[in-house]
Amino acid sequence: MPKSTKEGIQKALYELLRTKTLDEITVTELVEQCGISRQAFYYHFSDLYAVVDWTLQEKLEALNQIPGSQWWAMMNQIMEELYVNRVVVLNAYRAYERSYVEYHLRQWTRMPIQVRVAEAARHHRVTQEQQDFVTELCSQGLVNLILNWFDRGMRSPFTDRLDDLYAILDGSLDYMLARLSQPRHHFDNPEKV
Amino acid sequence: MSVIDSVKKVGFRTIYSYLDKDPDANIPKIMDWVDKFAGDGPNSFPSQRAVFRSVIEDHNNNWYRLIKSMWSDIDDDVRRTFFENFFLNGNLIGWKKQEENRQKYGCNIPWAILLDPTSACNLHCTGCWAAEYGNKLNLTFDEIDSIITQGKELGIYIYIYTGGEPLVRKNDLIALCNKHSDCEFLCFTNATLIDEDFANEMLRVKNFVPAISVEGFEQATDGRRGDGVFQKVRRAMQILKEKKLPFGVSCCYTSANMESISSEEFVDGLVEWGAKFAWYFHYMPVGNDAVPELMPTPEQREEFYHRVRDNYRHTKPIFLLDFQNDGEYVGGCIAGGRRYLHINANGDVDPCVFIHYSDSNIREKSLLDCLRGPMFMAYHDGQPFNENMLRPCPMLENPEKLREMVAKTGAHSTDPESPESAEHLCAKCDAYAANWKPTADKLWTASHSCASCSGCGEQK
């Protein structure tokens, strides 16, 4: 399958998203824009949402190719790209269910945070489940920040907030993991230590 | 989608995931659950459940082996898609919609649509109707897309390509699988265009199942289809098996090949090659160039009836259908939109793949209006055409019925090359029908006396 047709479709969709939301665009309009037949479009994609999915999938695979130590920097770069292309991003975002976007964002944000948690965990006696719990907690926070950023129209760059988050995580990951590795008081039974 | 349908989907997926984890252990558990819910009321299908129970408790049973092979031989995602599209959409959800529309519109609403994407074929086999159609006609991508879109509105999720050789249009077919990912697509094919690349595309879309035409072993297949075709077919089957893709075969039995194509050796061959289903078709003397002598004799047809029912269905791990003799399981003739219809590459909407008389064209009318056309309504009002369902067809076993319907509705021949009058066609069946009747009546009486039936559960 020639990759160029798929890329042509992707590019044409990007152009159309500059002026309207994803749910306002039709396949017929898209194939006119890139000069292919409807069947050529459907050979590659089941619908327009599948084009967006593929774009995200490609980015995610690219992220998987680079070493974990560079994920945070990559995250920064992606957020910068999203900001620069915010008109297109919002026109796509507004056609999706929020829960669907949340599901995808969770996959994305887990990766850079996971790496930092694993790094910090080397100094603590914690289980894999406990590490996963901390990763989940932090990435959920990040997901909500990004969703709010989308909902409020992406008015300012997100990279500043990422920097803040990076700074906060620095000390607090250690603190959280340390707390998890220690014996603790139970709320329901103060006697049991 | 209605709330009930969403609930069905969620329930089905939950059961499927459970089954998928450990089919050996979980099939019986699901059956326990079914028994509990079915209770013992009049509509609880006790005899059917008993049969299913005996199948799943005996691991050497041929049906159990067939079910199990769906896990060992078929790709996980393809199997999941098949269960979802074929069983859930095509039957559980689709059936309800079809029933509602049958009531609402007072006409037949099919379970499946057969359509010819093209009349073109890369082979030129003797006696094939496609060869006589010439190589000129095509349904466009947009036309097929529209048929499927209209079909789904009516509750139809199963589409079966015929032709012509559908795979001449393989890119369009993949595109349609991709676009209608909630439907299951089957395809009659000579298999010579199935290669490694196409198999990979089938794995990508997950909802395309070929039914490969074979005439028997090498000599018989090459004799009708051309030298070297059998080896190409075997190669295609090997590719499909290696890629863990499901496929079946389609066989046409005639007075000439009956002995070999219905032999145990051949059915064992099909199982070994990896076919999961085998569709057997009785030779039909359709077209001006047909050879009526190729119609099986009553003795041959009876022999096959016994081989299937007394032997193969109890011993072979393959889903074997003998359409002409299995009418009783589906209430007789299924054509005319009752369970299926046929749209040729010219857009003519035929009642059956074998009966090319129509008054409607999909290029001029909606699918629903075609179903409400005079010929389809004549089928609707006339079905079943015979109480004896070993004589199901309005052409082969009841030729006076087709004559009458064509005369009454003014349907015309849709054969674009050499139009055949209904009289010419039916005259070829008169003697056959008269000869088959005594055997059919004997077999029907033998299998439908109270002594041979457990249908109502009462001992008599």
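Leu114(B) stands opposite Ile160(B) of strand β2 in chain B, and this pair is a convenient place to enter the predicted model. The pair belongs to the ladder between strand β1 (residues 112-115) of chain B and β2(B), two strands that run parallel and are joined by four bridges. On from there, β2(B) also pairs in the parallel sense with strand β3 (residues 184-189) of chain B, again over four bridges, and within this ladder Ile158(B) has Glu184(B) of β3(B) as its bridge partner. The connection between these two strands involves helix α8 of chain B, for β2(B), α8(B) and β3(B) together make a right-handed β-α-β unit.

The loop that leads from β2 (158-161) to α8 (170-179) of chain B deserves a separate look, since Gly164(B) lies in it. The peptide bond that runs from Gly163(B) to Gly164(B) is cis, with an omega near 10°.

These strands can now be placed in their wider setting. They are part of an open sheet of nine strands in chain B, whose order is β7-β6-β5-β4-β3-β2-β1-β8-β9 and whose pairing is mixed. At the edges stand β7 and β9 (349-350) of chain B, and because each has a single partner strand, one side of each is left without a neighbour in the sheet. Helix α14 of chain B packs on this sheet, where it touches β5 and β7 of chain B, and the direction of α14(B) makes about 160° with that of β7(B).

Towards the β7 end of that order, the pairing can be followed strand by strand. Strand β5 (residues 248-253) of chain B runs parallel to strand β6 (residues 277-282) of chain B, and six bridges join the two. Among the partners in this ladder, Gly248(B) is matched with Phe277(B) of β6(B), while Val249(B) is matched with Ala278(B) of β6(B). β6(B) in turn pairs in the parallel sense with strand β7 (residues 319-322) of chain B over four bridges, and here the bridge partner of Trp279(B) is Leu321(B) of β7(B). Between β6(B) and β7(B) the chain passes through helix α14 (residues 298-315) of chain B, and the resulting β-α-β crossover is right-handed.

Beyond the sheet, three helices of chain B are connected by two contacts. How do the axes of α16(B) and α17(B) cross? They come within 9 Å of each other and cross at roughly 140°, which makes α16(B) oblique to α17(B). In handedness, α16(B) passes α17(B) in a right-handed crossing. The residues that make this contact are Pro374(B), Met375(B), Ala378(B) and Gly382(B) on the side of α16(B), and Lys401(B), Met405(B), Lys408(B) and Thr409(B) on the side of α17(B). By class, the contact of α16(B) with α17(B) has four nonpolar, two polar and two charged residues. In the loop between α16 (374-382) and α17 of chain B is the place of Pro384(B), and the peptide bond from Gln383(B) to Pro384(B) is cis, with omega near -5°.

Helix α17 (residues 399-409) of chain B also meets helix α18 (residues 422-447) of chain B, with axes that come within 8 Å and cross at roughly 160°. Because of that angle, α17(B) is roughly antiparallel to α18(B). The crossing in which α17(B) passes α18(B) is left-handed. From α17(B) the contact takes Pro399(B), Leu402(B), Arg403(B) and Val406(B), and from α18(B) it takes Ala422(B), Glu423(B), Cys426(B), Cys429(B), Asp430(B) and Ala433(B). Sorted by class, the residues of the contact of α17(B) with α18(B) are seven nonpolar, no polar and three charged.

Chain A enters the account through a backbone feature and through its contact with chain B. Met154(A) has a positive phi of about 50° although it is not a glycine, and its place is in the loop between α8 (128-151) and α9 (159-181) of chain A. As for the two chains together, the contact takes six residues from chain A and nine residues from chain B. On the side of chain A that touches chain B, the residues divide into three nonpolar, two polar and one charged.

Notes:
Residues numbered from 1 in each chain as written. Chains lettered and ligands numbered in written order. Predicted model: local features only at pLDDT ≥ 70, side-chain atom pairs only at ≥ 80, totals over all residues. Contact = placed C-beta atoms within 7 Å. Nonpolar A, V, L, I, M, F, W, Y, C, P; charged D, E, K, R; others polar. Axes fitted to C-alpha atoms, helices over the stretch in contact; angles between N-to-C directions. Parallel < 35°, antiparallel > 145°, perpendicular 65-115°, else oblique. Left-handed = near helix turned anticlockwise from the far one by under 90°. Pairing = 2+ DSSP bridges. Right-handed = clockwise from strand over helix to strand, strands pointing away.
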